[in-house]
Amino acid sequence: MREQRHPAVIATAIALPVALVVGVLVAAIAVNRSPVHDPVALGPVDSPDATSAQCASLLDALPENLGDYTAAELADPAPAGVRAWVSSEENAEPVVLRCGLTRPVGFDVAAPLQVINGVQWFEVSGEDDGIDASTWFVVDRGVYIALTIPGDSGPTPLQDASSAVSNALPQQPLDPAPLQ
């Protein structure tokens, strides 16, 4: 007489390996959705006030996210007064904030400004240099602040940074260069 297996034992023997394969696939997909980013490497720029109390106040007030960008680790040696955020998209350029800069070139009495969330910004487009990014300079606080954003980032990083600047630093009179 032939020994018969109970249907529950057969179902379990089939279901366990299938569940294991599904679990491995789900884990692999989850890992790929949260890529690990290398630290963002940034070179130094002329920023004489990067270690000022105003920059420290702003850096402490910056949010973890600027739109869809998440705060990133900076590669050593990291310049003072700098923060970066990265996108979850692979090979996307980071958003970079630098505090304590010198007056931006081109910021004179005739420069067009944009007000976002109570902060006055002066834009320097990278388009003329073939760069798909713009650098926006805060020009109405006690220190100059630059926010460089990729061309496809949308307005939210600029809006979120404006809110942080507005909350952290009091507004100051503009100090543009005279016309040459």
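Q: Which residue's side chain meets that of R103 in a salt bridge?
A: In this predicted model, the structure holds 2 salt bridges, and one of them involves the side chain of R103, with an N to O distance of 3.3 Å. The pair links distant parts of the chain, since R103 sits in the loop between strand 4 and strand 5 while its partner lies in the segment after helix 3, 72 residues apart. The residue that meets R103 is D175.

Q: Is R103 buried, partly exposed or exposed?
A: Buried residues have under 20% relative accessible area and exposed residues have over 50%, with partly exposed in between. The relative accessibility of R103 is 35%, and therefore R103 counts as partly exposed. Its salt-bridge partner D175, with a relative accessible area of 44%, is also placed in the class partly exposed.

Q: What is the N to O distance in the salt bridge between D140 and R141?
A: Both residues of this pair are buried, because D140 has a relative accessibility of 0% and R141 has a relative accessible area of 8%. D140 is also among the residues touched by Q120. The side chains of D140 and R141 meet with an N to O distance of 3.0 Å.

Q: Is Q120 buried or exposed?
A: Q120 is placed in strand 6, which spans residues 119–125. Leaving out residues up to four places away in sequence, Q120 touches several others, including F137, V138, V139, Q171 and L174. A residue is buried when its relative accessible area is under 20%; the relative accessibility of Q120 is 19%, so Q120 counts as buried.

Q: Which residues does L158 contact, leaving aside its neighbours within four places in sequence?
A: L158 lies in helix 3, residues 156–168, and counts as buried because its relative accessibility is 6%. Its C-alpha atom is 9.2 Å from that of T148, a residue 10 places away in sequence. With neighbours within four places left aside, the residues in contact with L158 are I116, W121, W136 and L147.

Q: How far apart are the C-alpha atoms of Y69 and V95?
A: Y69 is part of strand 2 and is buried, because its relative accessible area is 6%. Beyond residues up to four places away in sequence, Y69 touches a set of residues that includes W85, V86, P150 and P157, with V95 also among them. Y69 and V95 are 26 residues apart along the chain, and their C-alpha atoms are separated by 7.4 Å.

Q: Which residue does a cis peptide bond join to D76?
A: The bond in question has an omega of about -5°. The residue joined to D76 is placed in the loop between strand 2 (69–71) and strand 3 (82–86). That residue is P77.

Q: What is the approximate phi of N91?
A: N91 lies in the loop between strand 3 and strand 4 (95–101), where it is exposed because its relative accessible area is 72%. Its phi is positive although the residue is not glycine, with a value near 65°.

Q: What is the approximate phi of N117?
A: N117 is found in the loop between strand 5 (114–116) and strand 6. It is partly exposed, because its relative accessible area is 42%. For N117, a residue other than glycine, phi is again positive, and its value is near 50°.

Q: Which residues gather in a patch of negative charge on the surface?
A: One member of this patch is D129, which lies in the loop between strand 6 and strand 7 (133–138). D129 counts as exposed because its relative accessibility is 63%. The residues that gather in the patch are D68, E89, E127, D128, D129, D132 and D152.

Q: What pattern does the protein chain follow when read along the sequence?
A: The secondary structure of the protein chain comes to 3 helices and 8 strands. Among contacts between residues at least 6 apart in sequence, 59% join residues at least 24 apart. Read along the sequence, the pattern is α-α-β-β-β-β-β-β-β-β-α.

Q: What share of the exposed area of the protein chain do carbon and sulfur atoms supply?
A: Of the 180 residues in the protein chain, 34% are buried. The chain exposes about 11300 Å², and the share supplied by carbon and sulfur atoms is 55%.

Note on methods:
Residues are numbered from 1 along each chain as its sequence is written. This is a predicted model: local features need pLDDT of at least 70, side-chain atom pairs count only at pLDDT 80 or more; totals for chains, interfaces and linings use all residues. Side-chain values use heavy atoms; hydrogens and water are left out. Helices (H or I, at least four residues) and strands (E, at least two) are DSSP runs, numbered from the N terminus. Buried means under 20% relative accessible area, exposed over 50%, partly exposed in between (1.4 Å probe, protein chains only). Contact means heavy atoms within 4.5 Å. Patches are made of residues with over 30% relative accessible area and no salt bridge: like charges are joined within 9 Å, nonpolar side chains (Val, Leu, Ile, Met, Phe, Trp, Tyr) within 5 Å. Accessible areas come from the Shrake-Rupley method with a 1.4 Å probe; for residues, only the protein chains shown count as cover. A salt bridge is a side-chain nitrogen of Lys or Arg within 4 Å of a carboxyl oxygen of Asp or Glu. Lys and Arg count as positive and Asp and Glu as negative; His and the chain ends are not counted. The place of a charge is taken as NZ of Lys, CZ of Arg, CG of Asp or CD of Glu.
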